Amino acid sequence: MGHGRDAVPDKTTIDARTLTVWLALLLVCAAAASLLIGDGFVGPASGLITMEIRLPRTLLAVLIGGALGLSGAVLQGALRNPLADPGLLGITPAAGLGAMIAFYWGLAGQFAPALPMGGLLGAGLGLTCLLGLGGRGLSGPSLILAGVALSALAGALMSLALTLAPNPFALAEITFWLMGGLEDRALSHVAMAAPPILLGVTLLLRLGPGLDALTLGEDTAASLGQPPTRTLRHAAIGCALAAGASAAVAGGIGFVGLVVPHLMRPFVGERPSALLGPSLLTGAIMLTLADMLVRMVPLLLPVSAAPPLGVLTALVGAPFLVRIARRMAP
Amino acid sequence: MTRLDRFSLTLGGRQILREVTLHPKRGELLALCGPNGAGKTSILKALAGLVPGGARPDPRHVAYLAQNTPPSWALTVGQIATLGRIPHGDRLAAPVGNALRRCGIESLRDARIDRISGGEARRAMLARVFATEPGMFLLDEPTADLDPAACHAILRLLRETAEAGAAVVVVLHAVELATEYAHRIVLVDQGRIAADCPAAQALAAAAAIFGMRAGVGPRLLPNP
């Protein structure tokens, strides 16, 4: 939406531009801190460790957190449902299934990037099913139903693959991957995830007017020149690219997409297009901080291993979900 | 300007509209009246380009107000009115301010839509249509939820808008109310245009078509 010189200012508690500047600053600080905190110790490391271990991890946290936060904001707007998130559409489970198949057939053992590539392929296939199951007249409820069906299908096939796991080590590795995390990711993972994520994010950021129009219902959106079918299709494709590529590289990191838009609404109001930029930045900040926290757990607590990142986001996100539900109750 | 020529519509095997011809004109407030389920809303949607095979209007020139649908998110009145600028791709303050003023809700600009009365919310939706500054207004029951004073104020505003050069088409339940403000009244019955006449002749026509004596309240119109 163009902002002319005499554009209507939004009545919100904080000016949108000020908020964006603050969030961007916060993200830079979080990313810098993340480069200074390692698995074993805090402080600047040698160039090699920073480049090979901390940099990919930080870049992935920023990219994936941003992708998940933005996907959540877009899906909540597109489906007009405050509980929508990429997991709801079955994109994350489909990516998980793809990665598992790559693992199951031993492809990942011979060729390391096979796991995330399998995940990307799974997300793509999942999206195709989603658009097929949702039918031609893609409406909010039919998209949600198709997403639930896809989640159930992918979940069942994953359980089947787990019971048929070739050996206990494979079982353990798959389970750990499904929990989601960013440890031991290399720059090659960044190179694989970044293009689809950036493409998806670009597509999603352009949906502002379409999402705003949908606020008034499907007929009114169409009469404003924003056909709801087009908005929903672009939202689904953008989320499959952004959230699917994220899940392919980092496994199942839940609740970021759900929680972030709710954190932003008190600051920017409920207009869907106003939530997109702030949700992108806040998702990136939150995941970078969460991943830092995960790495610091062994330094702070008497435990031998860091908890998976997906476990941490779920531990924080689940109570938050309860809070949203209670606030929505009349 | 959009129009319908012998337009028929069948949805799910049910014939909704049969050979409807309707040419709204600039400078004219046209009221579509008839019993529930007669097809008034379908005619309006066909003009707005919302049904398969209907007109394909430019959203910058033709604005449509749906029957009462609450917005999904708690936007402010000002934000709702600003949505009317989406077809133009801008958020100009002048048309939005004018629209809020004309609909009499300027003081509510920063109020959340879920914290105001139903009638005020309806006016916010109407302001959204005015903010588009269209040449043609397609309004489905714009006076629903309004008290009698507000109802007359809105219809007076719509008549002025038409006389200033716009084409205004409104769906109204009450024929009597329509005769007070509309220039032309189209009576719709069972998916057909049963009569298309100047406002002064509408009550007599309605009496003939719906078996209703002229002068009797529209609440006695038979439901199909």
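Let's start at strand S4 of chain B (residues 62-65), which is covered on both faces. B:Val62 and B:Tyr64 are buried on one side, and B:Ala63 and B:Leu65 are buried on the other. This is a predicted model, and the tour below moves from the sheet of chain B to the helices of chain A. In chain A, the secondary structure consists of 14 helices and 0 strands.

**Strand S4 and its partner in chain B**

- Which way do S4(B) and S5(B) pair, parallel or antiparallel? The pairing of S4(B) with strand S5 (residues 136-140) of chain B is parallel and runs over 4 bridges.
- You can find one of these bridges by starting at B:Val62, whose partner in S5(B) is B:Met136.
- B:Leu65 has its own bridge partner in S5(B), namely B:Leu139.
- It helps to remember that side chains in a regular strand alternate between the two faces of the sheet.
- In S4(B), B:Val62 and B:Tyr64 share one side, while B:Ala63 and B:Leu65 share the other.

**The whole sheet of chain B**

- S4(B) belongs to an open sheet of 6 strands, ordered S4-S5-S6-S3-S7-S8, and the pairing in this sheet is mixed.
- Which strands sit at the edges? They are S4 and strand S8 (192-198) of chain B, each of which pairs on one side only.
- From one strand to the next, the twist averages 15°.
- Strands of a sheet pair through backbone hydrogen bonds, and they can do so in a parallel or an antiparallel way.
- Helix H5 (residues 148-163) of chain B lies across three of the strands: S3 (28-33), S5 and S6 (167-171). Relative to S3(B), H5(B) runs at about 130°.

**Helix H3 of chain B and the loop after it**

- Helix H3 of chain B covers residues 93-102, and its buried residues are B:Pro95, B:Val96, B:Gly97, B:Ala99 and B:Leu100.
- What covers the buried residues of H3(B)? The cover includes two other helices of chain B, H2 (77-82) and H4 (118-131).
- After H3(B) comes B:Gly104, which has a positive phi near 70°.
- Further along, B:Arg115 sits in the loop between H3 and H4 of chain B.
- B:Arg115 has a relative accessibility of 61%, so it counts as exposed.
- Between B:Arg115 and B:Val171 there are 27 Å in space, C-alpha to C-alpha, and the two are 56 residues apart in sequence.

**Two positive phi values outside glycine**

- B:Glu19 is not a glycine, yet its phi is positive, at about 45°.
- B:Glu19 is found in strand S2 (residues 14-22) of chain B, and it counts as partly exposed because its relative accessibility is 47%.
- B:Gln190, also a residue other than glycine, has a positive phi near 50°.
- B:Gln190 lies in the loop between strand S7 (184-189) and S8 of chain B, and at 54% relative accessibility it counts as exposed.

**Chain A as a whole**

- Chain A has 330 residues, and 50% of them are buried.
- Among contacts in chain A with a separation of 6 or more, 76% come from residues 24 or more positions apart.
- The exposed area of chain A is about 14,400 Å², of which carbon and sulfur atoms supply 73%.

**Two helix pairs in chain A**

- Helix H1 (residues 16-36) and helix H13 (residues 272-300) of chain A have axes that come within 9 Å and cross at roughly 25°.
- Why is H1(A) called roughly parallel to H13(A)? The crossing is at roughly 25°, and angles under 35 degrees count as roughly parallel.
- The crossing of H1(A) and H13(A) is left-handed.
- Residues making this contact include A:Leu19, A:Leu23 and A:Leu27 of H1(A), and A:Leu281, A:Ile285 and A:Met292 of H13(A).
- Helix H3 (residues 91-104) and helix H11 (residues 228-250) of chain A pack at about 45°, with axes 9 Å apart.
- H3(A) and H11(A) are therefore oblique to each other, and their crossing is right-handed.
- On the H3(A) side, A:Ile91, A:Thr92 and A:Ala95 take part, meeting H11(A) residues that include A:Cys239, A:Ala243 and A:Gly244.

Terms used. Residues numbered from 1 in each chain as written. Chains lettered and ligands numbered in written order. Predicted model: local features only at pLDDT ≥ 70, side-chain atom pairs only at ≥ 80, totals over all residues. Heavy atoms only, no water. Buried < 20%, exposed > 50% of the residue type's maximum accessible area, 1.4 Å probe, protein only. Pairing = 2+ DSSP bridges. Contact = heavy atoms within 4.5 Å. Areas by Shrake-Rupley, 256 points an atom, 1.4 Å probe, with all protein chains shown as cover. Axes fitted to C-alpha atoms, helices over the stretch in contact; angles between N-to-C directions. Parallel < 35°, antiparallel > 145°, perpendicular 65-115°, else oblique. Left-handed = near helix turned anticlockwise from the far one by under 90°.
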